[in-house]
Amino acid sequence: MRCGSREFGRHRLEIQEKIYLVGAGPGDPELLTVKAQRLIQTADIVVYDRLVSPEILALIPDTVSRVYVGKATNRHTLSQDEINALLVDLARKRQRVVRLKGGDPFIFGRGGEEALALARNDIPFEVVPGITAAQACAAYAGIPLTHRGLSRGVQFLTGHCKDNETLVLDRAALSDAGQTLVIYMGLAHLPQIISDLVAAGRSGATPAAVIERGTTLRQRNIITTLDELQQAVQEHAVASPAMLIIGPVVTLAGELDWFMPWAQEMELKYA
Ligand SMILES: C[S@@+](CC[C@H](N)C(=O)[O-])C[C@H]1O[C@@H](n2cnc3c(N)ncnc32)[C@H](O)[C@@H]1O
């Protein structure tokens, strides 16, 4: 692995180059961290996922090589093992490799598996956190994930399970009505998620939101209840990427939705 240098104030330090596992955030390019932006602009090569937005890809200079390794359900460009092997191979050959992932690399992003592959091959790496979709969708829908008197905590869950395996949700962990639930990849198994939540003791009247394409100008917010969630998703033909938020805090969206009015105004202005 070659070395590079970096400015720290008045000092130029020689540093060993590494591979960077970088979170790109949920879509809005202004939600990239300063560090992520610097890294994608100074990389030799960027290996990126399906959920990295076109606006963020546009920030990568033309001189930087790009490799797309996106995965949609049942449609994978490369398997996870192949992605891990590619990263190891690139890191050995290239000076600066950036692995750019939607949201945060360590939240339902398989960044841990990639980091393990690098660690087990003695390749130095750094993890650059990104704003995860749960936080971003909630913020851009005007839903505080915790709120005094409504929610004492929040759980991030996945509604996805490995190929052909049955989704198993821990009903005991879901039963506390004072916990907001944020569910990634929840559309495919929505009927089961809803029935498990009701079986866990959540009332059918519990407020529920679906945020589609959060933080982009095409964001849609659907506010409903647990009982009506499945029907609402069908009626509005909600598509991935979408986030489910369940709990009393969803009621605050009516007063706190700052983003949709702004996005609609932008659309009218620039249509
Ligand atoms: C494989 S997970 C990756 C999560 C990512 N690592 C993160 O921290 O946000 C992909 C899921 O995240 C959610 N997601 C990602 N970006 C989203 C967005 N802009 N709006 C709504 N949901 C999003 C969706 O549930 C999507 O199916």
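**Group meeting talk: two domains and a ligand**

I would like to begin with one residue, Arg110, which has 15 C-beta neighbours inside 10 Å and therefore counts as partly exposed. Please keep in mind throughout that what we are looking at is a predicted model. Arg110 lies in the loop between strand 8 and helix 4, and its phi is near 60 degrees, which is a positive value in a residue other than glycine. To see what is unusual there, recall that most residues other than glycine have a negative phi.

Which other residue in this loop has a positive phi near 45 degrees? That is Phe108, again a residue other than glycine, and it is found in the loop between strand 8 and helix 4 (111–120). Phe108 has 18 C-beta neighbours inside 10 Å, so it too counts as partly exposed.

Let me now turn to the sheet to which strand 8 belongs, an open sheet of five strands in the order 5-4-8-3-9, paired in parallel. Strand 5 (65–68) and strand 9 (125–128) stand at its edges with a single partner strand each, and so one side of each is left without a neighbour in the sheet. On average, neighbouring strands of this sheet are turned by 20 degrees against each other, if direction is ignored. Strand 4 (residues 45–48) pairs with strand 5 in the parallel sense over four bridges, and in this region Val47 stands opposite Val67 of strand 5. Helix 1 (residues 34–42) packs on the sheet, where it touches strands 3, 4, 8 and 9, and its direction makes about 130 degrees with that of strand 3.

Stepping back to the whole chain, the domain assignment gives domain 1 (3–131) and domain 2 (134–259), whose C-alpha centres lie 29 Å apart. Eleven residues of domain 1 are in contact with twelve residues of domain 2, and the side of domain 1 that touches domain 2 has six nonpolar, four polar and one charged residues.

Where, then, does the ligand lie with respect to the two domains? Both domains give residues to the shell around the ligand, so it lies between them. The ligand is surrounded by 23 residues, the closest being Gly103, Gly109, Thr132, Ala133 and Gly214, and the shell divides into twelve nonpolar, eight polar and three charged residues. Helix 5 (133–140) and strand 14 (242–246) each supply at least two residues of this shell.

Finally, in the loop between helix 8 (229–235) and strand 14 we find Pro241, which is joined to Ser240 by a cis peptide bond with omega about 0 degrees.

Notes. Residues numbered from 1 in each chain as written. Predicted model: local features only at pLDDT ≥ 70, side-chain atom pairs only at ≥ 80, totals over all residues. Pairing = 2+ DSSP bridges. Axes fitted to C-alpha atoms, helices over the stretch in contact; angles between N-to-C directions. Contact = placed C-beta atoms within 7 Å. Near = placed C-beta within 6 Å. Nonpolar A, V, L, I, M, F, W, Y, C, P; charged D, E, K, R; others polar. Domains from an automatic or database assignment. Buried ≥ 20, exposed ≤ 12 C-beta atoms within 10 Å, placed from the backbone.
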